[in-house]
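Morning, everyone. Please put the sequence and the model up on your screens, and we will walk through them together.

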Amino acid sequence: MTQRDRADRSSPALLRYGTAAAAVTATAAVGAMAVDADSAWYRALRKPPWQPPPWSFGAAWTPLYASVAYAAGHALGRAEDARRRRKLTASLAVDLALNAGWNWLFFARRSPRAGLVGTVLLDVANADLLRRTAQVDRTGAWALLPYAAWCGFATALNASLVRRNS
């Protein structure tokens, strides 16, 4: 391990967790700008009976986003070298971009099909993020599992909306 790697790894926890929390908060804010669950278009969609009530999405996403921020801050502190940290950071950035992007594909474009493509890509990004996180930090990987599971559920829900509204 080089001196720079040691210096990078020893970055203050507040900086790691704060940066991760800021990235996740920005993701939530950018994604939320596209959501209009009260629109006539969204209300007119035929939804499956197993779709959760509207209030549950905010209730679920708040702790899920917190777990992503925690996992990122924790894992970045355990990455052994700058190369792994960069790859983990890039994986997180792709994941968060796809996370926010789904709202724009589904709600702003009013396209369940585009949303389905986006959520499948997010599932792939989640698998990559989980893999990279597990390589450096099992605790961080465990913290990401509910997020990945919820996104998988969202993919199934999105697929049902495509089937019911095609």
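**Leucine 88 and its surroundings**

Let me start with one side chain. Take leucine 88, and set aside its neighbours within four places in sequence. What is left in contact with leucine 88 is Ala75, Leu76, Leu129, Arg132, Thr133 and Val136. Remember that this is a predicted model.

Where does leucine 88 sit? It sits in helix 5. Is leucine 88 buried or exposed? Buried means under 20% relative accessible area. Leucine 88 has a relative accessible area of 6%, so it is buried. Now look at one of its partners, threonine 133. Leucine 88 and threonine 133 are 45 residues apart in sequence. In space, their C-alpha atoms are 6.8 Å apart.

Stay in helix 5 and find leucine 92. Leucine 92 is buried as well, with a relative accessible area of 11%. Which residues does leucine 92 contact, leaving aside neighbours within four places in sequence? They are Val68, Ala72 and Leu129. Leu129 also appeared among the contacts of leucine 88. For a longer distance, try leucine 116. Leucine 92 and leucine 116 are 24 residues apart in sequence and 20 Å apart, C-alpha to C-alpha.

**The whole protein**

Let's zoom out. How many helices and strands does the protein have? It has seven helices and zero strands. Read from the N terminus, the elements run α-α-α-α-α-α-α. The C-alpha trace spans about 60 × 25 × 25 Å along its principal axes.

The protein has 166 residues, and 43% of them are buried. About 8,900 Å² is exposed, and carbon and sulfur atoms supply 65% of that area. Now the contacts with a sequence separation of 6 or more. Of these, 82% join residues 24 or more positions apart.

**What the record says**

An unreviewed UniProt entry carries the annotation "transmembrane region". In that record, the annotation covers residues 14-35, 55-76 and 141-162. Compare two of these stretches with the model. Over residues 14-35, the chain is 86% helix and 0% strand. The end C-alpha atoms of that stretch are 31 Å apart. Over residues 55-76, the chain is 100% helix and 0% strand. There the end C-alpha atoms are 33 Å apart.

**Helix 4 and two partners**

Now the packing. Two packed helices are described by the angle between their axes and the distance between the axes.

Begin with helix 2, residues 13-32, and helix 4, residues 54-78. They pack at an angle of about 145°, with axes 8 Å apart. The crossing is right-handed. Who meets whom? On the helix 2 side, the residues include Arg16, Tyr17 and Val24. On the helix 4 side, they include Tyr65, Val68 and His74. By class, this contact has eleven nonpolar residues, four polar and one charged.

Next, helix 4 and helix 7, residues 138-164. The angle is again about 145°, and the axes are 8 Å apart. But here helix 4 passes helix 7 in a left-handed crossing. From helix 4, the residues include Phe57, Trp61 and Leu64. From helix 7, they include Thr139, Tyr147 and Trp150. This contact has 14 nonpolar residues, four polar and no charged ones.

Keep an eye on Val68. Val68 is in the contact with helix 2. Val68 is in the contact with helix 7 too. And Val68 touches leucine 92.

**Two residues of helix 7**

Helix 7 holds tryptophan 142 and serine 160. Which is buried, and which is exposed? Tryptophan 142 is exposed, with a relative accessible area of 62%. Serine 160 counts as buried, at 3% relative accessibility. Not counting residues up to four places away in sequence, serine 160 touches Pro48 and Trp50.

One more distance for tryptophan 142. Tyrosine 65 is 77 residues away from it along the chain. Their C-alpha atoms are separated by 14 Å.

**A last stop in a loop**

Finally, go to arginine 110. It lies in the loop between helix 5 (82-108) and helix 6 (112-136). What is its phi? Phi is near 55°, a positive value in a residue other than glycine. Arginine 110 is partly exposed, with a relative accessible area of 47%.

That's my tour. Thank you.

Notes
Residues are numbered from 1 along each chain as its sequence is written. This is a predicted model: local features need pLDDT of at least 70, side-chain atom pairs count only at pLDDT 80 or more; totals for chains, interfaces and linings use all residues. Side-chain values use heavy atoms; hydrogens and water are left out. Axes are lines fitted to C-alpha atoms, for helices over the stretch in contact, and angles run from 0 to 180 degrees between N-to-C directions. Helices (H or I, at least four residues) and strands (E, at least two) are DSSP runs, numbered from the N terminus. A crossing is left-handed if the near helix is turned anticlockwise from the far one by less than a right angle, and right-handed if clockwise. Contact means heavy atoms within 4.5 Å. Ala, Val, Leu, Ile, Met, Phe, Trp, Tyr, Cys and Pro count as nonpolar, Asp, Glu, Lys and Arg as charged, and the others, Gly among them, as polar. Buried means under 20% relative accessible area, exposed over 50%, partly exposed in between (1.4 Å probe, protein chains only). Accessible areas come from the Shrake-Rupley method with a 1.4 Å probe; for residues, only the protein chains shown count as cover. UniProt positions are given in the numbering used here, feature names are shortened, and annotations may be inferred rather than shown by experiment.
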